[in-house]
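Colleague: Please choose a single part of this model and take me through it slowly, explaining each term where it first comes up.

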Amino acid sequence: MNIDRLVFAIAGVFILSSVLLSIYHNQNWLWFTGFVGANLFQAAFTGFCPLAKILKAVGVVPGHAFK
């Protein structure tokens with residue numbers, strides 16, 4: 001699995017988790033969902049993603065989006 005797919009998979013888990021936490025615990029967890037969405041949005045234009053940098057540093061193979 002390359003960095004691109006891992007970023008999307010981890011972001012999806014974060015979003016689903018925060019939505020479930022907002023339903024069953026506290027709706028303030030939706031702020032986390034917004035943060036993840038905003039980070040994905042800005043990464044689409046700038047190519048900067050902190051998670052991609054971390055994954056690259058630990059040796060995960062980069063895909064085409066985060067070289």
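Modeller: Two residues are in contact when they have heavy atoms within 4.5 Å of each other, and a helix is a DSSP run of type H or I with at least four residues, just as a strand is a run of type E with at least two, both numbered from the N terminus. This is a predicted model, in which local features need pLDDT of at least 70 and side-chain atom pairs count only at pLDDT 80 or more, whereas totals for chains, interfaces and linings use all residues. Residues are numbered from 1 along each chain as its sequence is written, and side-chain values use heavy atoms, with hydrogens and water left out.

The part I have chosen is helix 1, which covers residues 3-24. The protein chain around helix 1 has three helices and zero strands, and if you read along the sequence you will find the pattern α-α-α. Its C-alpha trace spans about 35 × 20 × 15 Å along the principal axes. Of the contacts between residues at least 6 apart in sequence, 57% join residues at least 24 apart.

Let us begin with helix 3, residues 50-57, as a partner of helix 1. On the side of helix 1, the residues I3, L6, V7 and I10 meet L51, A52, L55 and K56 of helix 3. Sorted by class, this contact has seven nonpolar residues, no polar ones and one charged residue (Ala, Val, Leu, Ile, Met, Phe, Trp, Tyr, Cys and Pro count as nonpolar, Asp, Glu, Lys and Arg as charged, and the others, Gly among them, as polar). The axes of helix 1 and helix 3 come within 10 Å and cross at roughly 130° (axes are lines fitted to C-alpha atoms, for helices over the stretch in contact, with angles from 0 to 180 degrees between N-to-C directions). Helix 1 and helix 3 are therefore oblique to each other (under 35 degrees is roughly parallel, over 145 roughly antiparallel, 65 to 115 roughly perpendicular, and the rest oblique).

Turn next to helix 2, residues 30-46, whose axis comes within 8 Å of the axis of helix 1, with a crossing angle of roughly 160°. Helix 1 and helix 2 are therefore roughly antiparallel to each other. From helix 1 this contact takes V7, A11, F14, I15, S18, V19 and S22, while helix 2 contributes L30, F32, T33, V36 and L40. Nine of the contact residues are nonpolar, three are polar and none is charged.

Some residues of helix 1 also belong to the interior. The largest nonpolar core has seven residues, I3, V7, A43, C49, A52, L55 and V60 (such a core is a set of buried Ala, Val, Leu, Ile, Met, Phe, Trp, Tyr and Cys residues joined through side-chain atoms within 4.5 Å). Helix 1 and helix 3 each supply at least two residues of this core. Over the whole protein chain, 22% of the 67 residues count as buried (buried means under 20% relative accessible area, exposed over 50%, and partly exposed in between, with a 1.4 Å probe and protein chains only).

Other residues of helix 1 are more open to the outside by this definition. L16, which has its place in helix 1, is exposed because its relative accessible area is 58%, and its C-alpha atom is separated by 8.3 Å from that of T33, 17 residues apart along the chain. L21, also found in helix 1, is partly exposed, since its relative accessible area is 33%. Leaving aside neighbours within four places in sequence, L21 is in contact with N26 and W29. From C-alpha to C-alpha, L21 and I10 are 16 Å apart in space and eleven residues apart in sequence.
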